[in-house]
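Visitor: Could you walk me through this structure? I'd like to start with a helix and then move on to the ligand.

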Amino acid sequence: MIIVFFGPPGSGKGTIASIVKKELGIPHISTGDLLREEVKNKTDLGIKAKSYMDRGELVPDDLVLEVLKRRIEKPDCKNGFILDGYPRNVEQAKTLDRTFKIDYIFNFVLSEDEIIRRLSNRRICPKCGAIYNLISMPPKTPGICDQCGTALIQREDDKPEAIRERLKIYKEQTEPVLEYYGDRVINISTENGFTASKRASKQILKIIRGEI
Ligand code: AMP
């Protein structure tokens, strides 16, 4: 089963995927995470991608496709996967359609005020990738990951200047993908923080299981 999680930065794609993947037994593939791993390991691809990412711009399609292909070829993807952060422009959406039959496209919907509030309060664990929010989902000990005890960090692109750039790019390049997908899109509201993520996860699972 191939599922696309679509929506602006901070709309809950990663948080919801971490809940839904356990229920469905398929991996969560975030192109942002794959690229951050390349940057961390200082690979050639990571070095090329870093400047785009720090500015909040899109990384060139060929580089993203390369990391994505490598990940999808791994055996744990044989029964499908949840894609988070791909496609991010119409060209990528066309590439995906040429390669796979997508079963579900969920689009997460929330206001711009809530996006900015979330991104500026987001903290992540650089070791295990856990995601926190200082307001709606703080760690038990301030600044420390509940799961692995590592000091939490703020992503470079969650700083105000980069947030503005990411939202601009989302509107200009990513939102047109919704028009391309048309009535294949299922809208899910994620307006109210972590409770919304839990509610959205339940709603998605019910849709996939044919219960609603
Ligand atoms: P994310 O973690 O999904 O917010 O992605 C972080 C950054 O990685 C984005 O701001 C882009 O610079 C880059 N990125 C992630 N996915 C893509 C993609 N599909 N196409 C281009 N750039 C991407």
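**Helix and ligand**

Guide: The buried residues of helix H1 are Lys 13, Gly 14, Thr 15, Ile 16, Ala 17 and Val 20, where buried means under 20% relative accessible area with a 1.4 Å probe and protein chains only. This is a predicted model, in which local features need pLDDT of at least 70, side-chain atom pairs count only at pLDDT 80 or more, and totals for chains, interfaces and linings use all residues. Residues are numbered from 1 along each chain as its sequence is written, and side-chain values use heavy atoms, with hydrogens and water left out.

Visitor: What follows H1?

Guide: Gly 25 does, and its phi is positive, near 70 degrees.

Visitor: Switching to the ligand, how many residues surround it?

Guide: There are 16, counting a residue if one of its heavy atoms lies within 4 Å, and the closest are Thr 31, Arg 36, Glu 57, Gly 85 and Gln 92.

Visitor: Which helix gives the most to that shell?

Guide: Helix H2, residues 31-40, does so with four residues; helices here are DSSP runs of H or I with at least four residues, numbered from the N terminus.

Visitor: And which polar side-chain atoms lie by an oxygen atom of the ligand?

Guide: A polar side-chain atom of Arg 36 lies 2.9 Å from a ligand oxygen atom, while for Arg 88 the distance is 3.0 Å and for Arg 155 it is 3.1 Å.

Visitor: How much of the ligand's accessible area does the protein cover?

Guide: The protein covers 96% of the 480 Å² that the ligand has on its own, with areas from the Shrake-Rupley method and a 1.4 Å probe.

Note on methods. Buried means under 20% relative accessible area, exposed over 50%, partly exposed in between (1.4 Å probe, protein chains only). Helices (H or I, at least four residues) and strands (E, at least two) are DSSP runs, numbered from the N terminus. A polar contact is a pair of N or O atoms within 3.5 Å; within protein, one must be able to donate a hydrogen and the other to accept it, and residues adjacent in sequence count only if both atoms are side-chain atoms.
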